[in-house]
Amino acid sequence: MLFQNVAIEALGYELAPHRISSAWLEDQISETMERLGVPKGRLEQLSGIQERRFWDAGTRPSATATLAGAKVLAAAEVDPGRIGLLLNTSVCQDFLEPSTACFVHRSLGLAPKAINYDLRNACLGFLNGMHVGAMMIEMGEIEYALIVNGEGSQEIVMATLERLKRPETSAIEFRDNFAALTLGSGAAAMLLAHRSVARSPHRLNGLVSLAATEHNELCIGNPDYMKTDASALLVAGVKLATETWARAQERLPNWSDEQIALYTPHQVSGRHMAAVGEALGLTPAKLALNFQVLGNIGPAALPISLAQAAEAGRIKAGDHVGLLGIGSGINCSMMSVTW
């Protein structure tokens, strides 16, 4: 779908306070690694992740999403009562019900008329939320849509460490659980606005999506457990990304490596980013990457990367930006933005 009337009015994020190194994680399971013949340093070697972050123990996803949302509303100087849609896109949830969005809605003081719900689609959730919000704005149903996300990895990472410490842990179990140790924590928010009320020049141009749900069991997660066939997921993900890129070239304006000034991708690891970049023919210097110090922060990765790139001055007015998203299941979306 192409958009004519949707702007990114404001963008913000929050980083969790506690830095957890890959070396520290390996120290916790050193006996198992030695028994299985896994060399020290393998986690950082395979993933490129030096550290990731944790929130304080017991921090709810809604609390971190609220922090990011409040920062965005303050930056935009928009009355919370004017928000027509709130979408929480977090993989992590406060409870099974009610929706995490309910807690964010109340904490931000949004109006009763503001539609609010959770939109979850693994690591693709934030980009899907942008799509839904943009469609409602484009149709004239609302003026503003607030997309939020709050991810916390400490529960699943610590549970995985306990699982891998067991003397009966097999090499297969170690391999299946290893990817959970790459997860990080963070929160992000984005305010979309109709161009009639927007003060920002940043425009959404359009989005394309493709699915390959025959691969829906390559990565399966619960709050305290994630099983991943990393090699198979990499192969399937690169293939789907390549097909989605071709679709984007057919349907989106200015979609080529020559025309795109910066890419903000979902980030799993260095190995993953290298494979995707090579397959799509992307200029490596155009990739806005932070997985090295934030790990895999799920849906929050893409908006945080975009916000940090803007802060660093890597995007100038009129630049075309490619938002590249992929999530377990597997699904892939790519969105064109003119900054």
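In this predicted model, strands β1 and β7 run antiparallel and are joined by nine bridges. A handy place to start looking is Tyr13, which stands opposite Ala188 in β7. Strand β7 covers residues 186-194, and nine of its nine residues are buried, so the strand is largely enclosed by the rest of the structure. Its residues point in two directions: Gly186, Ala188, Met190, Leu192 and His194 face one way, while Ala187, Ala189, Leu191 and Ala193 face the other, and all are buried. Strand β7 also pairs with β6 (residues 144-151), again in the antiparallel sense, over eight bridges. Within this pairing, Tyr144 has Ala193 of β7 as its bridge partner.

Strand β1 leads on to another feature of the model, the second largest pocket, since six residues of the pocket lining come from β1, the largest share. The space in this pocket amounts to about 160 Å³. Two elements, β1 (6-15) and α12 (301-311), each give two or more residues to the lining. The lining includes the run Ile8, Glu9, Ala10, Leu11, Gly12 and Tyr13, together with Lys71, His202, Ala307, Ala310, Glu311 and Trp339. Tyr13 thus appears both in the pocket lining and opposite Ala188 in the strand pairing. Sorted by class, the lining holds seven nonpolar, two polar and three charged residues.

Turning to the C-terminal part, UniProt, in an unreviewed entry, places the feature "domain: Beta-ketoacyl-[acyl-carrier-protein] synthase III C-terminal" at residues 254-339. This span is 30% helix and 26% strand, and its end C-alpha atoms lie 13 Å apart. Strand β11 (residues 260-265) has five of its six residues buried, so this strand is largely enclosed by the rest of the structure. Strands β11 and β12 run parallel and are joined by five bridges; here Ile260 stands opposite His320 in β12.

Asp319 is found in the loop between α12 and β12 (320-327). Is this residue buried or exposed? Its relative accessible area is 10%, and because buried means under 20%, Asp319 counts as buried. Beyond its neighbours within four places in sequence, Asp319 is in contact with Ala261, Arg314, Val337, Thr338 and Trp339. Among these partners, Trp339 is also one of the residues that line the second largest pocket.

Methods
Residues are numbered from 1 along each chain as its sequence is written. This is a predicted model: local features need pLDDT of at least 70, side-chain atom pairs count only at pLDDT 80 or more; totals for chains, interfaces and linings use all residues. Side-chain values use heavy atoms; hydrogens and water are left out. UniProt positions are given in the numbering used here, feature names are shortened, and annotations may be inferred rather than shown by experiment. Helices (H or I, at least four residues) and strands (E, at least two) are DSSP runs, numbered from the N terminus. On a 1 Å grid over the protein atoms alone, a cavity is a set of points where a 1.4 Å probe fits but cannot get out, and a pocket is an open set with protein on both sides within 12 Å along at least five of seven lines; lining residues have an atom within 4 Å of a point. Grid points are joined across faces, edges and corners, and a volume is the space filled by probe spheres set on the points. Ala, Val, Leu, Ile, Met, Phe, Trp, Tyr, Cys and Pro count as nonpolar, Asp, Glu, Lys and Arg as charged, and the others, Gly among them, as polar. Buried means under 20% relative accessible area, exposed over 50%, partly exposed in between (1.4 Å probe, protein chains only). Contact means heavy atoms within 4.5 Å. Two strands pair if DSSP finds at least two bridges between them.
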